[in-house]
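Subject: Handover of a structure for your review

Dear colleague,

Please find below the structure that I am handing over to you. My findings follow it, grouped by topic.

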Amino acid sequence: MDVTLFNTLTRSLEKLEPLNAGNIRMYHCGPTVYDYAHIGNLRAYISWDILRRTLEYSGLEVTQVMNFTDIDDKTIKRSHDEGVTLRKLTKKYEDIFLADLQHLNIKIPQYLPHATEHIGGMVAIVEKLLRDGYAYTTDDGVYFDISKSKGYGALAELDLEAGTQSRIANDEYDKKNARDFALWKFWTEEDGGNVFEASFGRGRPGWHIECSAMAISKLGETIDIHTGGIDLLFPHHTNEIAQSEAFTGKQFSKYWLHNEFVMVDGQKMSKSLGNIITLRTIMERGFSPLAYRYSILGTHYRAKANFTWEGLGGAQTALVRLGSHVGSSMGRINTDYQEKFGQIVAHDLDTPRALALAWEVAKDTSLSTADKTATLLEFDKVLGLGFTLQKEEAVPGEVLVLVRSREDARTNKNWVTSDELRNQINALGWEILDTDKGQEIKKK
Ligand code: AMP
Ligand code: ZN
């Protein structure tokens, strides 16, 4: 099964050719752990989970890295405001984030590096960039000189001519070019105890260098796939490429994938616009996190996804209905559907069509329930909607006692008591049907 992906670098659909046969190494820009992730952020990780599952489904082995940005302006400021150490703050939100991933049935990447554990690697990169003339020192830090970089801005299709005219209000820092970016920031009072020693001056890393160092350290100098939200195209990914390629002299990542935004009322969901929703709120309102996953799969990852509570409600109903077609015994996977499904997801992760196909299976009257079950569970290896074989649940003792009492009441034609007992049985989540053969008990 060949996988085709849209590579932002070439703006085209490309057949995935692993650098090492049979294996894909991929890096996902992870969360900045200073607050709850919002469901827009979580869309990114649902998309890359679908990517991982699709690659695995196609027979590839996947090595996956997602970092935690646990030191930057935002984390330091928040820990200062809350009067807690940086690690205490970041650990709290990291744990919440990992719980969110689990709720969403996202497979946890094998490697979850923290920026603070890779400072040595960052320092080594900055030292080499200084030595090779790609970086220079100013009063407040070490900057990357974009004029030395071959093809700077290609990923984001930047118009460099337009950029050089505008002098950003950063002149006081003696940057050579407005777009030169900080690799390292020298210590200031606001940093408090968050400081690291380096030959070029004590301080802390810039955001972009963190990802380069972690990706190279865990996956090597050239990786297969690098991902992030579309907002990371510039400056983050652009700068990651510039500094990594200046450092290694090699291509940093062969494929770049970007997910589009979750929108609310026509605007990007973001903290600064004050329109964020967390997974916790979704769960508090009685929705399943997997209903959110279902709703996200309903839109292709490269298209904007509009969030509404009505839409989430619809997704929840659809998820439950689709899941109800998974029965309690496994038949045979229908190979026609299986083949179609493989082609659909391998074509740039086309989850809307994959869901439509799952519905086709559910509604196909020529299939037995057992074969539907096997086929839908096969699809769920990629969709990850949490489908499981339905269990024939044993009737609890207290329900059986009520059922027996009701039988007596009915023999004695005591209809009021019989109805009262039915209500009690219903309240315990069971249903009772009066048939020719007597009472039948069913889970509601
Ligand atoms: P952050 O924690 O801010 O670094 O963001 C984590 C990930 O979420 C990044 O890949 C962002 O590009 C992505 N992201 C941020 N906002 C949205 C949004 N509204 N919709 C989809 N992805 C987003
Ligand atoms: Zn990154």
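Two strands are taken to pair if DSSP finds at least two bridges between them. On that basis, three strands of this predicted model form an open sheet of mixed pairing, in the order E12-E11-E13. The edges are held by strand E12 (267–268) and strand E13 (305–306); each has a single partner strand, so one side of each is left without a neighbour in the sheet. Strand E11 (residues 262–264) and E13 run parallel and are joined by two bridges. Within this pairing, Met263 has Asn306 of E13 as its bridge partner.

A second strand pairing concerns E3 and E4, which run parallel and are joined by six bridges. Here Ile24 has Val62 in E4 as its bridge partner. Five of the six residues of strand E4 (residues 61–66) are buried, so this strand is largely enclosed by the rest of the structure. His28 belongs to strand E3 and is buried, with a relative accessible area of 2%. Its side chain makes a polar contact of 3.0 Å with the side chain of Gln64.

The zinc site

Which protein atoms serve as donors of the zinc ion (ligand 2)? They are Cys29 (SG), Cys211 (SG), His236 (NE2) and Glu240 (OE), and they lie 2.0 to 2.8 Å from the ion. Along the chain, these donors follow the spacing C-x181-C-x24-H-x3-E. Cys29 is placed in the loop between strand E3 (23–28) and helix H1 (39–57), whereas Glu240 is in helix H7, so the pair ties together parts that are 211 residues apart in sequence. Both residues are enclosed: Cys29 is buried, with a relative accessible area of 7%, and Glu240 is buried at 0% relative accessibility.

As to geometry, ideal angles for four tetrahedral donors at a metal are 109.5 degrees. The four donor atoms around the zinc ion (ligand 2) subtend angles of 70 to 132 degrees, which makes the arrangement irregular. The reasoning rests on a cut-off: four donors count as tetrahedral if all angles lie between 85 and 135 degrees. The lower end of the range, 70 degrees, falls outside that window.

The surroundings of ligand 1

There are 17 residues around ligand 1, of which Gly40, Gly229, Asp231, Val262 and Met269 come nearest. Oxygen atoms of the ligand face polar atoms of the protein in several places. A polar side-chain atom of Asp231 lies 2.3 Å from an oxygen atom of ligand 1. For Gly229, a polar backbone atom is 2.9 Å from an oxygen atom of ligand 1. In the case of Thr32, a backbone N or O atom lies 3.2 Å from an oxygen atom of ligand 1.

Salt bridges

Side chains of opposite charge can pair when their charged atoms come close. How many salt bridges does a search of the whole structure find? The search finds 28; some of them are described here.

Asp95 and Lys91 form a salt bridge through their side chains, at 2.8 Å from N to O. Both residues lie in helix H3 (residues 86–103), four residues apart, which is about one turn of the helix. Asp95 is partly exposed, with a relative accessible area of 37%, and Lys91 is likewise partly exposed, at 35%.

The side chains of Glu197 and Arg202 also meet in a salt bridge, with an N to O distance of 3.2 Å. Glu197 counts as exposed at 58% relative accessibility, while Arg202 counts as partly exposed at 42%.

Lys250 and Glu221 form a salt bridge in which the closest N and O atoms are 2.5 Å apart. This pair links distant parts of the chain, 29 residues apart: Lys250 is in the loop between helix H7 (233–248) and strand E10 (253–259), and Glu221 is in the loop between helix H6 (207–219) and strand E9 (223–229). Lys250 is partly exposed, with a relative accessible area of 43%, and Glu221 is partly exposed at 29%. Elsewhere, salt bridges that share partners join Asp73, Lys185, Asp191 and Arg204 into one network.

With kind regards

Note on methods. Residues numbered from 1 in each chain as written. Chains lettered and ligands numbered in written order. Predicted model: local features only at pLDDT ≥ 70, side-chain atom pairs only at ≥ 80, totals over all residues. Heavy atoms only, no water. Salt bridge = Lys/Arg side-chain N within 4 Å of Asp/Glu carboxyl O. Buried < 20%, exposed > 50% of the residue type's maximum accessible area, 1.4 Å probe, protein only. Donors = N, O, S within 2.8 Å, 3.2 Å for Na, K, Ca; no water. Tetrahedral: all angles 85-135°; square planar, octahedral: opposite > 155°, others 65-115°. Near = heavy atom within 4 Å. Polar contact = N/O pair within 3.5 Å; in protein donor to acceptor, adjacent residues only side chain to side chain.
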